[in-house]
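Got the viewer open? Let's take a short walk from one selection to the next, with charged pairs and a helix pair on the route.

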Amino acid sequence: MAATAALSTDDRQDAPRPAFPPPPVTARPIDRQAWIDAYRVVRAETERRAAPLSPEDQQIQSMEDASPTKWHRAHVTWFFEQFLLAEHLPGYAIHDPRLHYLFNSYYVAAGPRQPRTQRGLITRPTCAEVATYRAHVDRAVEALLGQASEKALADILPILEIGLFHEQQHQELLWTDILHAFAQNPLDPVYDEGWRFPAASTEVGSVTLDKAITAIGHEGEGFSYDNESPRHDSLILPVRIDRALVRNRDWLAFMEDGGYGRQDLWLNDGWYAAQGQGWEAPGYWRRHDGQWLQASLAGPKPVDPDAPVTHVSYYEADAYARWAGRVLPTEFEWEVAARNGDLPDAYGLVWQWTRSAYLAYPGYRPLPGALGEYNGKFMSNQFVLRGSSVATPEGHARSTYRNFFYPHQRWQFTGLRLAEPLS
């Protein structure tokens, strides 16, 4: 059952798209039009992803970890209004102050907010009113970029750039959250009949990293989040990392060998999570007439044995690695192999679990003010994933990017590749 379109897409989508990301903030002279174009590209992509969804689709919140599409569209707009326009556009009139309570996410310094678990209760503003809110902010942002002095742009552009990458993160969440919602619906709604998972590389074998002290973290021009810095030395021990991602056929062998029922393979918390939630296969897999089907944005499809396994938690990835007699790579091993160009499918298919806890790099300092809440305060009880997924917008991935989730979460496009220590 296909969802009906409720919103028209931005007319700019059919025109040739400027590249994203824009030139580095430090570039001189500042190309104002390039930044305006980049802003338009990102904002249009959000609307493109929302366009196939009805107002009813955009309202649903299927679990605490997910948010409604309408909320994503409004929240990223609030971000620009809160952190950019209110501070840097003289005379700017807040569109509707009440929306700041509804669409703040977790920025304590920015004021009170609707509880995360109750975002699906926000039936007003309507989808059409959110579109009006977005248009109001878009006009103001473009006016700001057009009229600000070069001196003012030195303060404005770093905030704009964070806002653009922040909106791209929510574009990914928009897809993963609506997939979770549709997967709960017995009518098997279809987001896009033409959606397909990209084919995986056919490369096999492994790449070997020798023992070395090497620099890790962001360096040079281009955007990065604060959690990717400072660049620092890290010890890499000898290790082999698989070129191929773990495939569904590999995972089926794990299942057939009783992997979900073998307590000896699982971390204690993982075992209780798997038993308590009834895991017997990756997320969105279900049996139908003796065949495994997997929910997708194109509706339920037979599980492709050659596709990378996805929608698995850290606990499952760790149990599989133990079953295979291997380990997950550390995030530092992954970064070195990826920047050397030795990991096919590092990007664009599935985020890849590492065995590294999400912690601060030596010397890390969060950004000042409310924006400092973006990454640093989540450095507890989570694991790092590297790469990017099929849902990640173009221009968002890089070798130093540190994604992070709690070990039980699996509604994202999360998979794995294996490693083998050599020492």
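## Stops on the tour

Start with Asp264 and Arg262, shown as sticks: the two form a salt bridge, with the closest N and O atoms 3.0 Å apart. Keep in mind as you go that this is a predicted model. Now switch on a surface. Asp264 is partly exposed, at a relative accessible area of 48%, and Arg262 also counts as partly exposed, at 29%.

Next, select Arg410 and Glu316. Their side chains meet in a salt bridge too, at 2.8 Å from N to O. Colour by secondary structure and you'll see that this pair ties together distant parts of the chain: Arg410 sits in the loop between β10 (403-405) and β11 (414-415), Glu316 belongs to helix α9 (residues 314-323), and the two are 94 residues apart. Are these partners buried or exposed? Both Arg410 and Glu316 are buried.

Hop over to Glu333 and Arg355. Here the salt bridge has an N to O distance of 3.9 Å, and the cut-off is 4 Å, so the pair counts. Again distant parts of the chain are linked: Glu333 is in helix α10 (residues 331-339) and Arg355 in strand β8 (residues 351-357), 22 residues apart. Check the surface once more. Glu333 counts as buried because its relative accessibility is 7%, under the 20% limit, whereas Arg355, at 34%, is partly exposed.

Want the overall tally? The structure holds 24 salt bridges. For a set of them that join up, select Arg43, Glu47, Arg73, Arg134, Asp138 and Glu167: these residues are linked in a network of salt bridges.

Leave that network displayed and bring up two helices, α1 (residues 32-50) and α3 (residues 69-88). Their axes come within 10 Å and cross at roughly 165 degrees. The angle is over 145 degrees, so α1 is roughly antiparallel to α3. What is the handedness of the crossing of α1 and α3? The crossing is left-handed.

Last selection: the side chains where these helices meet. From α1 take Tyr39, Arg43, Thr46, Glu47 and Ala50; from α3 take Thr69, Arg73, Val76, Thr77 and Phe80. Sorted by class, this contact has 4 nonpolar, 3 polar and 3 charged residues. Arg43, Glu47 and Arg73 should look familiar, as they are among the residues of the salt-bridge network and also take part in the meeting of α1 with α3.

How values were computed:
Residues numbered from 1 in each chain as written. Predicted model: local features only at pLDDT ≥ 70, side-chain atom pairs only at ≥ 80, totals over all residues. Heavy atoms only, no water. Buried < 20%, exposed > 50% of the residue type's maximum accessible area, 1.4 Å probe, protein only. Helix = DSSP H or I, 4+ residues; strand = E, 2+ residues; numbered from the N terminus. Axes fitted to C-alpha atoms, helices over the stretch in contact; angles between N-to-C directions. Parallel < 35°, antiparallel > 145°, perpendicular 65-115°, else oblique. Left-handed = near helix turned anticlockwise from the far one by under 90°. Contact = heavy atoms within 4.5 Å. Nonpolar A, V, L, I, M, F, W, Y, C, P; charged D, E, K, R; others polar.
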